[in-house]
Amino acid sequence: VYKAVLQRYIDYLVSRRFPLLWSIEGGRSRTGKLVPPRYGLLHWLLNAAERYDKTQPLYIVPLSVVFEQVVDVDAYALEQLGGVKKPENLAWFYRYLHSFKTPLGKIHIRFGDPVQARVDAGQPRDPLAVEKLAFETCVELNRTTPVTKASLVCMSLLASAPQALTRSELVASLTGLLQYLQAGGCKATFPLDLDGEAVLDGALSSLQASGTVNAFEAGIEPVYSISEDKALDAAYYRNNAIHFLFSGAIADVALARLYLDHIGTDPLQELEDEILSLRKLLQWEFFFPEKEEFLQGIYRDLDIRCPHWRDRLTGGREGLRALFLEIQPLLGHGVLEPYLEAYRIVAEQLLQYDAAEDLDQKAFIRDCLNTGRQLHLQRQVISRESIAKTLFDTGLKVAKSRGLLDISVSKAKRDRRRQSHADDMRAITRRVRALRSLASARRAGILT
């Protein structure tokens, strides 16, 4: 009855050209970044448009709502660690209202370019029409979602964790990010020509008040770090800007492979192959454009961060070393490490599982949480934000796509696939760790 009434109501709105506001997915409020859309309401909208006036176009207008601080971010983080969502009863509502005593900053609303839903009278609908419309809408949503000061501060601190940053180091990191985003034409809730000092001062007090960032000011110079057990809170804010950073991060990880595994005779082709391999690995995390457009975007990004990167790439191992000294900012570890470490945790856990069918996904994810904690204690996993249910869910999708749960093959073959996948994930996390070490050495001025 509920679905029938709702569908009839959608028909009513579309037939009279009334506006409708809804969330295309349910994940940004839990992770901070846009996740795969849900298609149900889009199906109903297109169905209604086909039944009624087909002469007038139907437009989806992407709307971005960005909060500088979010009341529920602690609860979101707890859910990612395996906690149960608390019931939203009267007591919850009282605590929720009480939490607004803490200043939460501004709410920023941005409208993107409209995306037209194509409805052709008398023509059968393209089976992929809804998916294409949802993808276009989400891409425009990402373009519309602006960077906040808090997202850049959290990005810098997460990229250095567990090391704290002095004020001068943090300002330098923010300055590099600001110059990079401005050169790339990115959107922000503030002028990107601000200096790092202004951005830090504009975000620090609220991040400290919420307990996300810790400051130690009794030494020679103040140092800042993500507070204990607040990595997922900080990741929420960092993810608000991640759609502007992941292309450069993929380039960094691909270049790290060429440097660590020795460059061959056709370095540009090797780089392209590795970039596309990473694109396929991360296909469930980000909205990627078509292959050629994506590669051209990667090359434009490298042109911004290291104008002579092509010359460096053809200069062998020494050329790549010079490239890593020059490229600014270094993005790979700060953006992609949580995802790749989470995939590794899933891969390690699959080695302990014999069964491929009837896998209890909830129990498996719980085991991954425990395995992740163990590897973090052993410092085989660096980022605390890698230990999160959402990332393990995606890691399991990666495993399924590689045939690691395929019951049509023999156990021996499946075990070989799992071992090969685990080896791949260990290798890729070593490359990301090398980027982290490189960034630390550059901050310390010990790399020349």
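How do the residues of the lining of the largest cavity divide into nonpolar, polar and charged, and how many fall in each class? In this predicted model, the lining comprises five nonpolar, three polar and three charged residues. The cavity in question is the one cavity of 30 Å³ or more that the structure holds, and its volume is about 70 Å³. Its lining is formed by 11 residues. Those that lie nearest its centre are Leu34, Asn142, His243, Glu285 and Phe286. Rolling a probe the size of a water molecule over the atoms shows where empty space is left.

On the surface, a nonpolar patch of about 690 Å² was identified. Tyr59, Val61, Val65, Phe67, Ile107, Ile109 and Phe111 make up this patch. Two strands, E2 (63-67) and E3 (107-111), each contribute at least two of the residues, and the largest share, three residues, is supplied by E3. Tyr59 belongs to strand E1 (residues 58-60). With a relative accessibility of 44%, Tyr59 is classed as partly exposed, because this value falls between the limits of 20% and 50%.

A contrasting environment is found in helix H10 (residues 231-239), where nine of nine residues are buried. The buried set includes the charged residues Asp233 and Arg238, together with Tyr236 and Tyr237. In helix H8 (residues 167-183), Glu169 has a relative accessible area of 25% and is partly exposed. The C-alpha atoms of Glu169 and Gly395 are 33 Å apart in space, for a sequence separation of 226 residues.

Electrostatic pairing was examined next. Side chains of opposite charge can pair when their charged atoms come close. Over the whole structure, 23 salt bridges were found. One of these joins Arg384 and Glu228, with 3.9 Å between the closest N and O atoms. This pair links distant parts of the chain, 156 residues apart. Arg384 is located in the loop between helix H17 (361-377) and helix H18 (389-401), whereas Glu228 occupies the loop between strand E7 (223-226) and H10. The two partners fall into separate accessibility classes: Arg384 is partly exposed at 35% relative accessible area, and Glu228 is exposed at 62%.

A second salt bridge, between Arg344 and Glu348, has its closest N and O atoms 3.1 Å apart. Both residues lie in helix H16 (residues 332-350), four residues apart, or about one turn of the helix. An α-helix has 3.6 residues a turn, so residues three or four places apart point the same way. Arg344 and Glu348 are both buried. A third pair is formed by Asp406 and Arg417, whose side chains meet at an N to O distance of 3.6 Å. Asp406 is placed in the loop between H18 and helix H19 (411-444) and Arg417 within H19, so this salt bridge ties together parts that are 11 residues apart in sequence. Both partners are partly exposed, Asp406 with a relative accessibility of 26% and Arg417 with one of 25%. Beyond these pairs, Arg257, Asp261, Glu274 and Arg431 are joined into one network by salt bridges that share partners.

The backbone was also inspected for unusual torsions. Most residues other than glycine have a negative phi, and most peptide bonds are trans. A cis peptide bond is present from Ala161 to Pro162, with omega near 10 degrees; Pro162 is situated in the loop between helix H7 (149-160) and strand E5 (165-166). The bond between Gln328 and Pro329 is likewise cis, with omega about -5 degrees. Pro329 is part of the loop between helix H15 (316-326) and H16.

Positive phi values occur at Asp229, where the angle is near 65 degrees, and at Arg379, where it is about 60 degrees. Neither Asp229 nor Arg379 is a glycine. Asp229 lies in the loop between E7 and H10, the loop that also holds Glu228. With a relative accessible area of 51%, Asp229 is exposed, because the value is over the 50% limit. Arg379 is located in the loop between H17 and H18, which also contains Arg384. Arg379 is partly exposed, at 45% relative accessibility.

Methods: Residues are numbered from 1 along each chain as its sequence is written. This is a predicted model: local features need pLDDT of at least 70, side-chain atom pairs count only at pLDDT 80 or more; totals for chains, interfaces and linings use all residues. Side-chain values use heavy atoms; hydrogens and water are left out. On a 1 Å grid over the protein atoms alone, a cavity is a set of points where a 1.4 Å probe fits but cannot get out, and a pocket is an open set with protein on both sides within 12 Å along at least five of seven lines; lining residues have an atom within 4 Å of a point. Grid points are joined across faces, edges and corners, and a volume is the space filled by probe spheres set on the points. Patches are made of residues with over 30% relative accessible area and no salt bridge: like charges are joined within 9 Å, nonpolar side chains (Val, Leu, Ile, Met, Phe, Trp, Tyr) within 5 Å. Accessible areas come from the Shrake-Rupley method with a 1.4 Å probe; for residues, only the protein chains shown count as cover. A salt bridge is a side-chain nitrogen of Lys or Arg within 4 Å of a carboxyl oxygen of Asp or Glu. Buried means under 20% relative accessible area, exposed over 50%, partly exposed in between (1.4 Å probe, protein chains only).
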